[in-house]
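Q: Hi! I'm new to this one and would love a friendly walk-through. Could you show me what we're looking at?

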Amino acid sequence: MNSIKLIAAGLAASASLIAFNAKADGSLNLICSADVVICEQMQGDFQKETGISVNMVRLSSGETYAKIRAEARNPKTDIWWGGTGDPHLQAAAENLTEEYKSPMLGELQAWAVKQAESAGYKTVGIYAGALGWGYNTEIFASKGWKEPKCWADLLDPALKGEIQMANPNSSGTAYTALASLVQIMGEDEAYGYMEKLNANISQYTKSGSAPVKAAARGETGLGIVFMHDAVSQTAEGFPVKSVAPCEGTGYEIGSMSMVKGAKNVENAKKWYDWALSAPVQSRMKDAKSFQLPSNKSADIPKEAPRFEDIKLIDYDFKTYGEPERRKALLERWDREIGAKAN
């Protein structure tokens, strides 16, 4: 019995060692910060095309940044795909991600390359999308409410308890909203606006796309989200209309980063190059992801909200992606808004 136990223990130890030191040509540990449908589609496509097994976890961009930071001494993740660029830039500034100049850079839009350059090539733009909201047209019609076309319209007392947005601590979408309002209005005015808006907020969700999904299901009237997330609900057949605010709005450059100290570096590079290719980005629309792709040759979904049709601000990605600026804005939000949340 003792010898059998020793053999079993040895086998278990060997299995554990093999699992920990997985061959570089065999696996990839991925965190995906986009909608779960596109995450799963890309996971399946990459596995099929390369034979590399992808261990994928779906987390919001804020959660991913926190996880990578906490695991910096012993990284469990190889590649981080998707989610707003600000936390990717913060991770780059804190040396949590690895410089990589992909041979695909020459195929990308200027905004995607600029994102890479600003981070010392520790991240890169993979898609872009403007911030706005989506509202349930049936609910608004039944209540006799006017279409909210501007940020100011969201303060209408009739909308009390009818708006959802995410928490900017966990969601890159909501942090983009926070940083956009600060740039549009000035910091003090923006926090004054959000304090008034708080009276109409029913819930601060963890995920950035959750508010408009709740609106689609009729659980709330309106969700503050990236416009492509609202368009996705419309494409699913829900009575959702997307709006770009009249005063102007910010936008995201969805990004991708390779984690510093990644165990499967070569496979991470394979994913990186693959995910920047035109055929892969053209497939995003099949998962009802309607962002603007970063590869200049990728198909742009006909449903995608076009930047030329939206009043965009000159969003300062560098300033609002800096760790100290981000920390200060979030701490003020916690004090003045989060602490008074319904």
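A: Happy to! One term before we start: helices (H or I, at least four residues) and strands (E, at least two) are DSSP runs, numbered from the N terminus. Also keep in mind that this is a predicted model.

Q: Thanks. With that term in hand, where does N95 sit?

A: N95 is in the loop between α4 and β4 (97–98).

Q: And what's its phi like?

A: Phi of N95 is near 65°, which is positive in a residue other than glycine. In general, most residues other than glycine have a negative phi.

Q: Is N95 buried, exposed or partly exposed?

A: N95 counts as partly exposed, because its relative accessibility is 39% and the partly exposed class runs between 20% and 50%.

Q: What about the helix before N95, how enclosed is α4?

A: Helix α4 covers residues 85–93, and 8 of its 9 residues are buried, so the rest of the structure largely encloses it. The buried ones are G85, D86, P87, H88, L89, Q90, A91 and A92.

Q: Where is Y121, and what is its phi?

A: Y121 is in the loop between α5 (110–118) and β5 (124–136). Its phi is near 65°, a positive value in a residue other than glycine.

Q: Let's zoom out. How many helices and strands does the chain have?

A: There are 14 helices and 11 strands in the chain.

Q: How does its radius of gyration fit a compact globule?

A: It agrees: a compact globule of 342 residues would have a radius of gyration near 20 Å, and the chain has 21 Å. The C-alpha trace spans about 75 × 50 × 40 Å along its principal axes.

Q: What share of the residues count as buried?

A: Of the 342 residues, 54% count as buried. As for the outside, the accessible surface of the chain comes to about 14900 Å², and 52% of that belongs to carbon and sulfur atoms.

Q: How many charged side chains, positive and negative?

A: The chain has 38 positive and 42 negative side chains, with the centres of the two sets 4 Å apart.

Q: And how far apart in sequence are residues in contact?

A: Taking contacts between residues at least 6 apart in sequence, 76% join residues at least 24 apart.

Q: Now the inside. Which residues touch the most other members in the largest nonpolar core?

A: Those are L154 and L178, in a core of 50 residues. Helix α7 (residues 172–185) gives the most to this core, with 7 residues. There is also a second, separate core of 35 residues, which includes L30, C32, I126 and V280.

Q: Back to L154, what is it in contact with?

A: Leaving aside neighbours within four places in sequence, L154 is in contact with W133, P148, L159, I163, Y193, L197, N200, L222 and I224.

Q: Could we look at F46? Where is it, and is it buried or exposed?

A: F46 is in helix α2 (residues 36–50). It counts as buried, because its relative accessibility is 0%. Not counting residues up to four places away in sequence, F46 touches L28, G51, I52, V54, N267, K270, W271 and W274.

Q: How far is F46 from R306?

A: F46 and R306 are 28 Å apart in space, C-alpha to C-alpha, and 260 residues apart in sequence.

Q: Switching again, what about P293?

A: P293 is in strand β11 (residues 292–293), and it is buried, with a relative accessible area of 6%. Beyond residues up to four places away in sequence, P293 touches Q109, W111, I126, Y127, Q281, A298, D299, I300 and P301. I126 is also among the members of that second core.

Q: And K114, buried or exposed?

A: K114 is exposed, with a relative accessible area of 61%. K114 lies in helix α5, and its C-alpha is 8.2 Å from that of G125, 11 residues apart along the chain.

Q: Last one: where is E71, and why does it count as buried?

A: E71 lies in the loop between α3 (61–70) and β3 (79–81). E71 counts as buried because its relative accessibility is 18%, and buried means under 20%. Leaving aside neighbours within four places in sequence, E71 is in contact with K76 and T77.

Methods
Residues are numbered from 1 along each chain as its sequence is written. This is a predicted model: local features need pLDDT of at least 70, side-chain atom pairs count only at pLDDT 80 or more; totals for chains, interfaces and linings use all residues. Side-chain values use heavy atoms; hydrogens and water are left out. A nonpolar core is a set of buried Ala, Val, Leu, Ile, Met, Phe, Trp, Tyr and Cys residues joined through side-chain atoms within 4.5 Å. Buried means under 20% relative accessible area, exposed over 50%, partly exposed in between (1.4 Å probe, protein chains only). Contact means heavy atoms within 4.5 Å. The radius of gyration is taken over C-alpha atoms; the globule rule is 2.2 Å times the number of residues to the power 0.38. Accessible areas come from the Shrake-Rupley method with a 1.4 Å probe; for residues, only the protein chains shown count as cover. Lys and Arg count as positive and Asp and Glu as negative; His and the chain ends are not counted. The place of a charge is taken as NZ of Lys, CZ of Arg, CG of Asp or CD of Glu.
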